[in-house]
Amino acid sequence: MRAAPPSMKPPASAGTGRIEARVRRFALACFAPSLVLVVGLIFYPFLYTVMLSFQRRQLFEKSGSFIGVENYAKLLASAEFWTSLVNGLVFSGGSLFLQVVLGVALAVLLNRSFTGRGFFRGLLLFPYLIPSVVGIFAIRWMLNDLYGIVNYWLMALGVVKQALPWFGQPQLAMASLIAINTWMFYPFVMLCVLARLQSIPPDLYEAARMDGAGEWAQFWHVTLPQLRGTLAVVVIVRTMWMFNKFDTVWLTTQGGPFSSTQTLPVLAYVEAFSLYEIGRASAIGILMSAILLAVFVLYQRLFLKIQKWQ
Amino acid sequence: MTNRYGIGTLAIVAPVAILMLFPLIWIVSVSLKGDAEQFATPPTLIPLVPVLSNYVRLIAETNFLRYIGNSLLVATATVVLSLLAGCPAAYAMARFKTLARPGVTSLVLLSYMFPPILIGIPLFVIFSKVGLTDSYLGLILAHTTFALPFVMWMMRDFFLAVPVEVEEAALVDGCSRLRLLWIIVMPIARPGVVAAGIFTFILSWNDYMYALILLKSESRKTISIGISLFVDSSTIEPGLMMAGSVLITVPVLIAFIFVQRFLVQGLAVGAVK
């Protein structure tokens, strides 16, 4: 992934072969506890899920019956799976787009000099720092259709005549979820972009100004190209995390109304812990990770490319 | 003159900041309202009669302190376990050819990218076989699945930044590898260790999904589960909910002040998902 780190050379006078063997033993001893934990808690459970996904099995049964690819076949033939996939893409795509727009805009603003800049840089990070349960419930209460302050203001300002059912109507519910995600995660984009902006050499802007570029042209022709690498990584990472996001949906709509906000993690959770169909749930999990694996490969390619640029 | 203070920029940033912080202001506001005022129309921004009754009830009448204690226990144990296992591993990945291969680092990154739900489902099945569901240890191990790869990934960067020359000099002086790691490398990397520890603590403190899947009994519930009970039960208790929210958010914000320096690094590897 990165240039190989400098490895330590043993002192020149010593018998090199024996020392190298000792060094290797030490390296492996350092790595062993983590390896055991990662294999035992991540890779073994993953393989276990693969096995479960080929079984018909209830959650509390000791063993299941092997049914081959039936779970996969049924899933790929069910409307529910595809709806959840599409919902997940809308959910992650929508939140991602808004996060990036808001994050980049704020980063550019916070990179200019103005009174209280440090203060606002800290303040605008807050939504990201609070526990997600807290953020989600705060917004949920603000959007409550009976007592929520948002509906009250919208009605008081005459924007809407009736209280809006923010989580009760399919399109509106999806929009509300996207709004929650955007609010909670724009600071991630903002922070990464701001860090990158600070390392853009000022003479690039000077040169652009000498060529008569206005502020907008400078943003378009200097800032954005410089941000390309950072944005590429940010977008991929955030896509994966949004795609896996469970609590935003579960703590607001639980996938409703009429499955309009049901995403794959929620579908898998419901199959496993409400319907006890652990085999089907596992198959959903495996399909999710197959999709993510494709994204991961893409991520690595980009990462390598960016390493080369820098 | 006006340009020197950047009034134009401030005029855009300040309103946006107020809008983005409004939910947090609202949490504090609701937490200070009495039973009737929570549901009043029009909703008041500044409580007419600010009361502390929500906080008092939260501590006296609910299991809130119990939840806090549980979360503290689980988060602390997760931090200790993942630092103890993760730091030496990260060091090995940063220093020794055997483990500095792209394959190893990709594997760590990959383990960090698994969908949490994909880990949660089999962990529940495996843990129920060995009696680890509904136990602190089970939840600690579950949190290790995201904490450990995070520590390994973040600390590797730190160790890469520690100059090798110091270590080589110590080796020439006949220092053993283990002593070297403990006495020379770890103190140099201490800021990184502290930062990784705090981030890990916050990750565990904020977890909702694993606790939801693994915990059953009321006495073991962590704060994120506990606090959602105030809303999911038949009666909505916004005051209690918001008072709890304030109390569990404050420690997180304080912790972040200490790791501000490392924020970009930590977030880049996913300190908060």
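## An exposed phenylalanine, and the two chains around it

Let's start with one residue: Phe258(A) has 11 C-beta neighbours inside 10 Å, so it counts as exposed, the cut-off for that class being 12 or fewer. Keep in mind as you look around that this is a predicted model.

Where does Phe258(A) sit? You'll find Phe258(A) in the loop between helix 11 and helix 12 of chain A. The backbone there is worth a look, since Phe258(A) has a positive phi of about 50° without being a glycine. Next comes Ser259(A), another non-glycine with a positive phi, this one about 60°. Ser259(A) also belongs to the loop between helix 11 and helix 12 of chain A. How exposed or buried is Ser259(A)? With 18 other C-beta atoms within 10 Å, Ser259(A) comes out as partly exposed.

There's a cis peptide bond here too: the one from Gly256(A) to Pro257(A), with omega near -10°. Pro257(A) lies in the loop between helix 11 (247-250) and helix 12 of chain A.

Follow the chain on from that loop and you reach helix 12 of chain A, which covers residues 264-273. Of its 10 residues, 9 are buried, so this helix is largely enclosed by the rest of the structure. Which ones are they? The buried set is Leu264(A), Pro265(A), Val266(A), Leu267(A), Ala268(A), Tyr269(A), Val270(A), Glu271(A) and Ala272(A). Note that a glutamate, Glu271(A), is on that list.

Now step back to whole chains. Here they are side by side:

| Property | Chain A | Chain B |
|---|---|---|
| Helices and strands | 13 helices, 2 strands | 14 helices, 0 strands |
| C-alpha span along principal axes | about 85 × 75 × 30 Å | roughly 75 × 70 × 30 Å |
| Buried residues | 41% of 310 residues | 49% of 273 residues |
| Share of contacts (separation of 6 or more) joining residues 24 or more apart | 68% | 75% |

As for overall shape, chain A has a radius of gyration of 25 Å, while a compact globule of 310 residues would come in near 19 Å. Chain B reads as α-α-α-α-α-α-α-α-α-α-α-α-α-α along its sequence.

How many residues does each chain put into the contact between the two? Chain B gives 85 residues and chain A gives 78 residues. On the chain B side, helix 1 (residues 7-31) supplies the largest share, with 13 residues. Sorted by class, the chain B side has 64 nonpolar, 15 polar and 6 charged residues.

Inside the structure, the largest nonpolar core holds 159 residues. Which residues have the most contacts inside that core? They are Ala90(B) and Val151(B). These two also touch each other, and Ala90(B) further reaches Met152(B), Met155(B), Arg156(B) and Phe159(B), leaving out residues up to four places away in sequence. As background, nonpolar side chains tend to be buried together in soluble globular proteins.

Staying in chain B, look at how two of its helices meet. Helix 3 (residues 53-61) and helix 13 (residues 238-259) of chain B pack at an angle of about 80°, their axes 9 Å apart. That angle makes helix 3 of chain B roughly perpendicular to helix 13 of chain B. From helix 3 of chain B, the contact uses Asn54(B), Tyr55(B), Arg57(B) and Leu58(B); helix 13 of chain B brings Gly239(B), Leu240(B), Ala243(B) and Gly244(B). By class, the residues of this contact divide into 4 nonpolar, 3 polar and 1 charged.

Gly239(B) turns up again in the surroundings of Gln38(B). Apart from neighbours within four places in sequence, Gln38(B) is in contact with Val30(B), Lys33(B), Pro238(B) and Gly239(B). Gln38(B) is part of helix 2 (residues 35-38) of chain B. Is Gln38(B) buried or exposed? Gln38(B) has 24 other C-beta atoms within 10 Å, so it is buried. For a sense of scale, the C-alpha atoms of Gln38(B) and Lys129(B) are 46 Å from each other, with the two positions 91 residues apart along the chain.

Notes. Residues are numbered from 1 along each chain as its sequence is written. Chains are lettered from A and ligands numbered from 1 in the order in which they are written. Two residues are in contact if their C-beta atoms, placed from the backbone, lie within 7 Å. Helices (H or I, at least four residues) and strands (E, at least two) are DSSP runs, numbered from the N terminus. Ala, Val, Leu, Ile, Met, Phe, Trp, Tyr, Cys and Pro count as nonpolar, Asp, Glu, Lys and Arg as charged, and the others, Gly among them, as polar. The radius of gyration is taken over C-alpha atoms; the globule rule is 2.2 Å times the number of residues to the power 0.38. A residue is buried if 20 or more other C-beta atoms lie within 10 Å of its own, exposed if 12 or fewer, and partly exposed in between; C-beta atoms are placed from the backbone. Axes are lines fitted to C-alpha atoms, for helices over the stretch in contact, and angles run from 0 to 180 degrees between N-to-C directions. Angles under 35 degrees count as roughly parallel, over 145 as roughly antiparallel, 65 to 115 as roughly perpendicular and the rest as oblique. A nonpolar core is a set of buried Ala, Val, Leu, Ile, Met, Phe, Trp, Tyr and Cys residues joined through C-beta atoms within 7 Å.
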